Amino acid sequence: MQKTGQPTINDVARLAGVSKKTVSRVINRSPLLNGDTRKRVEDVIGEIGYIPNPQARGLALRRNFLIGLVHDNPNAQTVMNVQQGMLEALRGSEFEMVVRPLDRGSATMLQDLRHFLERQRLFGVLLMPPISENDSVAALCDSIGCRYVRMGSVALDDTDRMVASNDREAVCAATEYLISLGHKRIGLVGGPHGFRSARERRLGFEDALANAGIALPRSMIADGNYTFDSGLVAAERLLDLTPRPTAIFSSNDEMAAGVIHAARQRGLDIPRDLSIIGFDDTPIAAHVWPPLTTVRWPMTSMARSAALKLIAGEDGMAAEVEEPSLFLSTLIRRASVAPPPD
């Protein structure tokens with residue numbers, strides 16, 4: 001029960017001459033308001049000292065002001081970057097974030113997710129790949145009335161329910177850059193089976209070689225699982241080949257760091273003896289030596305947009321929020337790439 005004299009959302013609406021829904025939109029930074037209305041409401045909030053009570057509103061709506069992040073991703077840095085984007089979107093709003101890892105290989109995965117969503121009474125949830133790639137997960141969210149946005153390497157859903165990148169085209173361009181420098185023996189460190197991102201990146205790699213008329217022996221492909229250790233093992237396999245690759249494309253930066261480590265253990269100079277390109281542009285790309293040429297995956301921007309799509313549903317106006325759904329990845333050229341040795 002509120003203390004006597006404590007300002008309420010009704011007080012703000014009355015003094016500002018707007019509806020409670022408009023006040024709610026101001027609190028949650030909805031883009032659907034004009035500047036004058038927003039300022040008028042914000043001025044009243046400041047003058048009377050109104051503090052939103054999401055718990056009370058959550059009880060009235062029978063759901064919490066919580067946005068979930070659901071993932072099964074072996075790369076901790078990727079998860080952290082997604083969290084950063086979500087927190088940027090939620091800052092200053094009534095919403096908070098809760099994170100739930102899942103095991104996509106578990107027979108009880110859908111049951112575990114349902115239990116989590118129903119217990120937390122989430123307002124909405126961002127589904128990271130590869131969980132997001134499972135249509136059954138999206139159907140489950142729909143069935144219990146939980147808003148969701150799916151994050152992926154390709155379009156997975158309607159535009160208001162997904163954010164996607166152009167992995168295939170971006171990797172094709174990165175591989176074409178190697179080819180333009182004269183590389184023809186190019187190895188691939190692929191991602192884990194079952195990840196759509198791994199498939200899209202491999203397809204982009206294959207597209208570039210096919211376009212250039214370069215054959216791709218199966219021996220030039222080594223699979224990893226997006227971790228440093230798997231990149232190290234994959235690189236050992238590729239560097240044992242005779243002749244060995246003059247360049248390697250790694251499907252993420254963590255594995256690329258493993259490739260660099262394996263090459264240095266063999267006394268190879270990067271990029272004189274071996275050129276390396278990664279994917280993600282996580283901090284490790286700038287911290288390794290030499291700094292890693294990589295494809296910048298805009299995961300933080302994607303997560304920010306996804307969270308804004310989710311909280312826009314607070315007033316039932318999600319369809320009117322024009323957050324982007326497609327984000328382009330770009331090649332960041334650093335010092336790990338050079339023409340092949342003579």
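A salt bridge is counted here when a side-chain nitrogen of Lys or Arg lies within 4 Å of a carboxyl oxygen of Asp or Glu. By this rule the count comes to 19 salt bridges in what is a predicted model, and three of these pairs serve as stops on the tour below.

Begin by selecting helix α3, residues 35–48, where Asp-43 and Lys-39 lie four residues apart, about one turn of the helix. Show their side chains and you will find a salt bridge whose closest N and O atoms are 2.9 Å apart. Asp-43 is partly exposed, with a relative accessible area of 33%, and Lys-39, at 48%, is partly exposed as well.

Select next Arg-150 and Asp-135, which form a salt bridge with the closest N and O atoms 2.7 Å apart. This pair links distant parts of the chain, since Arg-150 belongs to strand β4 (residues 147–152) and Asp-135 to helix α7 (residues 135–143), 15 residues apart. Arg-150 counts as buried at 3% relative accessibility, whereas Asp-135 is exposed at 53%. Add Asp-157 to the selection, and you have a network of salt bridges linking Asp-135, Arg-150 and Asp-157.

Now turn to the open sheet of six strands, which has mixed pairing and the order β7-β6-β8-β9-β10-β12. Strands β7 (221–223) and β12 (330–332) stand at the edges, each with a single partner strand, so one side of each is left without a neighbour in the sheet. From one strand to the next, the twist averages 20 degrees. At the β7 edge, three bridges join β7 to strand β6 (residues 186–190), the two running parallel, and Gly-190 stands opposite Asp-223 in β7.

Keep the sheet displayed and add helix α9 (residues 196–211), which packs on the sheet and touches β6, β7, β8 and β9, its direction making about 170 degrees with that of β6. Helix α11 (residues 253–265) also packs on the sheet, touching β6, β8, β9 and β10, and its direction makes about 160 degrees with that of β9.

Then select Ala-235, in helix α10 (residues 228–239), which is buried with a relative accessible area of 0%. Ala-235 touches Val-259 and Ala-262, and its C-alpha atom is separated by 7.4 Å from that of Val-189, 46 residues apart along the chain.

Finish with Asp-281 and Arg-296, a salt bridge whose closest N and O atoms are 2.7 Å apart. Asp-281 sits in the loop between β9 and α12, and Arg-296 in strand β10; Asp-281 counts as buried at 17%, while Arg-296 is partly exposed at 38%.

Note on methods
Residues are numbered from 1 along each chain as its sequence is written. This is a predicted model: local features need pLDDT of at least 70, side-chain atom pairs count only at pLDDT 80 or more; totals for chains, interfaces and linings use all residues. Side-chain values use heavy atoms; hydrogens and water are left out. Two strands pair if DSSP finds at least two bridges between them. Axes are lines fitted to C-alpha atoms, for helices over the stretch in contact, and angles run from 0 to 180 degrees between N-to-C directions. Contact means heavy atoms within 4.5 Å. Buried means under 20% relative accessible area, exposed over 50%, partly exposed in between (1.4 Å probe, protein chains only). Lists of a residue's contacts leave out its neighbours within four places in sequence.
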